[in-house]
Amino acid sequence: MKKSAPLPARKRTVKTAKPAPPKTLLKKDAACPIVGIGASAGGLEALVQLLEHVPKDSGMAYVIVQHLDPTQKGMMPELLQRATTMKVFQVADRTKVQPNCVYVIPPNSDMSVLRGVLHLLVPVEMRGLRLPIDFFFRSLAEDQREQSIGIILSGMGSDGTLGLRAIKEKAGIVLVQDPATAKFDAMPRSVIEAGLADIVALAEELPDRLIAYRRHLPQLDKSELHLEEKVQSALEKIVILLRGHSGHDFTLYRRSTLYRRVERRMGIHKVGRISGYVRYLQENPQELGILFKELLIGVTNFFRDKSAWEQLATKALPLLLKGRPSGSTLRAWVAGCSTGEEAYSLAMVFKETLKHLKYTDNISLQIYATDLDKDAIDKARLGLFPENIVADVSPTRLTRFFNKEEGGYRVNKEIRSMVVFAPQNLIMDPPFTKLDLLCCRNLLIYLTPELQKKLFPLFHYSLNPGGVLFLGSAESIGSFTHLFTALALKERLFQRNETAMQGSHLDFPAVYLPAHASRQESQTAARVPVPSLQTLADQMLQQRYAPPAVLVNENGDILYVSGKTGKFLEPAAGKANWNVIAMARDGLRNELSSAMQKVIRKKGTVTVRGIKLAPPADTRAVDILVQAIEAPKELFGMLLIVFSEAVVPPEPPPDRGRGKISVSSGARQRELQNELKHARDEVQAGREEMQTSQEELKSMNEELQSTNEELQSTNEELMTSKEEMQSLNEELQTVNAELQAKLDELSGTNNDMKNLLNSTDIATVFLDNDLQVRRFTLQAKTIIKFIATDVGRPITDLASDLLYPGLVKDAHEVLRTLIFSERSIATENGRWFTVRIMPYRTMDNRIDGVVITFADITAAKKIEAELREQHRKLSKHSVEQGRALDKALGKPKERRVAAPARKSKS
């Protein structure tokens, strides 16, 4: 009983006990850092390895989030408690986080943190693709901001990647288990491929790396206006090194953000002083690339700030669509698009708005998405996103706008064709113009206020009258209320005002220099370069004497126009079409198409002269030159079309003397013209037939696409089932790991008990409430004829050497009264045993049978018999000696007889 008493107390500790804050390695005024740890299948082994190497006084709290079976009781706290000296708790709602403690999420719960207190929420879906790790990491990033720490261990899927993006955005740190050592490497590999990992190491090495980072991280709280002169100088040197490495100038980057990012890198590399980090950058060029990526902060997700997107769909887009003619195209610019989620979100919202407003007119949206990070642009162009976007994208949108693939979800062609991605430096490169919508969300917060004042007039200039500016939740237009009017102030939607710009011209951001720059540098940077004589001459010659020309691709789509081409090209009626064949004037179209086909087939140059335009321009002739471009390589495969005008010589007056000949020549000419017209009609008929065939092929293609969509729908259903099975498999993996650990523990306990019972040399038999055999020891076989198959049989059916007919009666009496029984019982072969019968009591204080022990007392009984025999012999010998003594003394017989009587009485 004494051994079983502590167990209930240990169980209570796991559920509800809240320890007092222990002594930590942190400063007294520092808050307790919270380390979020995400793991899934195969994560138990990695968690044990990690916790075994965490010192008990690290000063941090560790919160573990796993994929758990919602129908099973969690055993993770008990299993992890054996791996660490820190106390392990299963989280209850509103648990206050304490340092040097481990907290484990309970099954069937989502968890968030608010001001250091853990809160539990009921998940929306019991099964399927749930993302508890992403959910907690996002909450941790919002609550702890730059103090947030995220660790990803072994697991399947990509849960945790989106949450770690939020942590990186808040300048937190991300640690990842080396995928080569993970039992399941999908989760660690997803984080590494997303470029979010700061430290990648073995699970047992992560605690030391984290503590070293925390120890070397400077705890400075200074604004950018109060940085020491040495720190300012070092930051400027870092900006110079970055400019030399990447070609981008971070002078206009907000100083506080720049300093925080540099601090993070210093902590990771255990560099204590910023001057030492400058030296480290000079010696390690690869660190410059990492710091450059760090400063870009490419953190985004689909439909970020959902209320803002709802306002965009209900207020801004209907306003822009109102009164638009059929076939028109809206233009939008997404600045700082990162990996494209925001640009694709805009495309999806636009399509949904058109459907909701039931627009039948053919109105389209062209989105230009730009970013400084070329790698991010390359990822955006692929349009492939991980499976965990289901946390941000509704199932309806996934079905309509995405195609399920092996690696995740890919945007369909309808959405992809709406977006054009390009690298661009918002500060240095010219902006897009004639825009209807400009999205610049969560970018301005990283730029200095001086630069922001330069950008808002630029945004005003870029937008069309009535255009909409869409900012991030932490951004505002400041003092530029004369340029923009709020459509939805809380959601940061603004409309362009029709007002005169203050100042005579736009001041582009590239001209801006910081106030602390020297006067000489300012004068040099602000000086506008004077065009050379050659440049001016080239411009004049190109404008006045260069022939009109267009640059087209192999399909004839116009890419660039030089000079005045209105005499030769005109816009075609109907939907806007920038194909040079469609825009060519009558009489020029056939010759131009034929020349282009020849150049495409044979390369080189083709010249066609004397092409006569159709009336009323029949007095003019045109010479065209079509050339295939092979150099430079940027223009390879394009065609250059040069137009030159030629005057048709007037026909000589008819000679009266030769009137008949003139009449004959005129008739021949009319005949040739009729034949030419007939040939052209035939060509036109052939083209119409070809167009009809093309329409039939398009119809067949649409049918095939419809069939393909049905197959894709079926495939998506199968992939959904696969995701559910994968999620269930992860839960089963976790449960299996817990059960395996429990089984190992029970196996060890069983071996200990077996060796203990065998070492005591006491025969023991366990019976249930029906007195059926549950278990027996080896020594019990020498008393009762046990064999292996006797388990489950009544004790009364087994042969025994015991002379104990009342065994069953005594056992029933013990079960009734719960008072143990003890008797000395002999056997048929002369052995003796102390038979002790006790009730079998479980851990929850329930009686579940009896325990019978047989202690061999044969030797003691033999000694007892020998002692009795010796005592009998001594007593007989003593009586005989007394009689002999009495006889020798001659005492009377009565006295001799009376004496024993008195002795007996006494």
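Biologist: How many cavities of 30 Å³ or more does the count give?

Modeller: The count for this predicted model comes to 2 cavities of 30 Å³ or more.

Biologist: What makes a space a cavity here, and what lines the second largest cavity?

Modeller: A 1.4 Å probe must fit but be unable to get out. The second largest cavity holds about 30 Å³ of space. Its lining consists of Leu68, Asp69, Gln72, Lys73, Gly74, Pro107, Val735 and Glu738. By class, that lining has 3 nonpolar, 2 polar and 3 charged residues, with Gly counted as polar.

Biologist: Happy to turn to the helices! Why is α10 called roughly perpendicular to α11?

Modeller: The axes of α10 (residues 274-283) and α11 (residues 285-296) cross at roughly 110 degrees and come within 5 Å. Angles of 65 to 115 degrees count as roughly perpendicular, so α10 is roughly perpendicular to α11.

Biologist: How do you know that α10 and α11 meet, and through which residues?

Modeller: Contact means heavy atoms within 4.5 Å. On the α10 side, Tyr277, Tyr280, Leu281 and Glu283 meet Pro285, Glu287, Leu288 and Leu291 of α11. The contact has 6 nonpolar, no polar and 2 charged residues.

Biologist: Good to know! Where does pLDDT fall below 50?

Modeller: The chain has a mean pLDDT of 79, with 83% of its residues at 70 or more. Over residues 1-29, though, the pLDDT is below 50, and over residues 219-225 pLDDT stays under 50. Where pLDDT is low, the predicted coordinates should not be read in detail.

Conventions. Residues are numbered from 1 along each chain as its sequence is written. This is a predicted model: local features need pLDDT of at least 70, side-chain atom pairs count only at pLDDT 80 or more; totals for chains, interfaces and linings use all residues. Side-chain values use heavy atoms; hydrogens and water are left out. Axes are lines fitted to C-alpha atoms, for helices over the stretch in contact, and angles run from 0 to 180 degrees between N-to-C directions. Helices (H or I, at least four residues) and strands (E, at least two) are DSSP runs, numbered from the N terminus. Angles under 35 degrees count as roughly parallel, over 145 as roughly antiparallel, 65 to 115 as roughly perpendicular and the rest as oblique. On a 1 Å grid over the protein atoms alone, a cavity is a set of points where a 1.4 Å probe fits but cannot get out, and a pocket is an open set with protein on both sides within 12 Å along at least five of seven lines; lining residues have an atom within 4 Å of a point. Grid points are joined across faces, edges and corners, and a volume is the space filled by probe spheres set on the points. pLDDT is the predictor's confidence in each residue, from 0 to 100.
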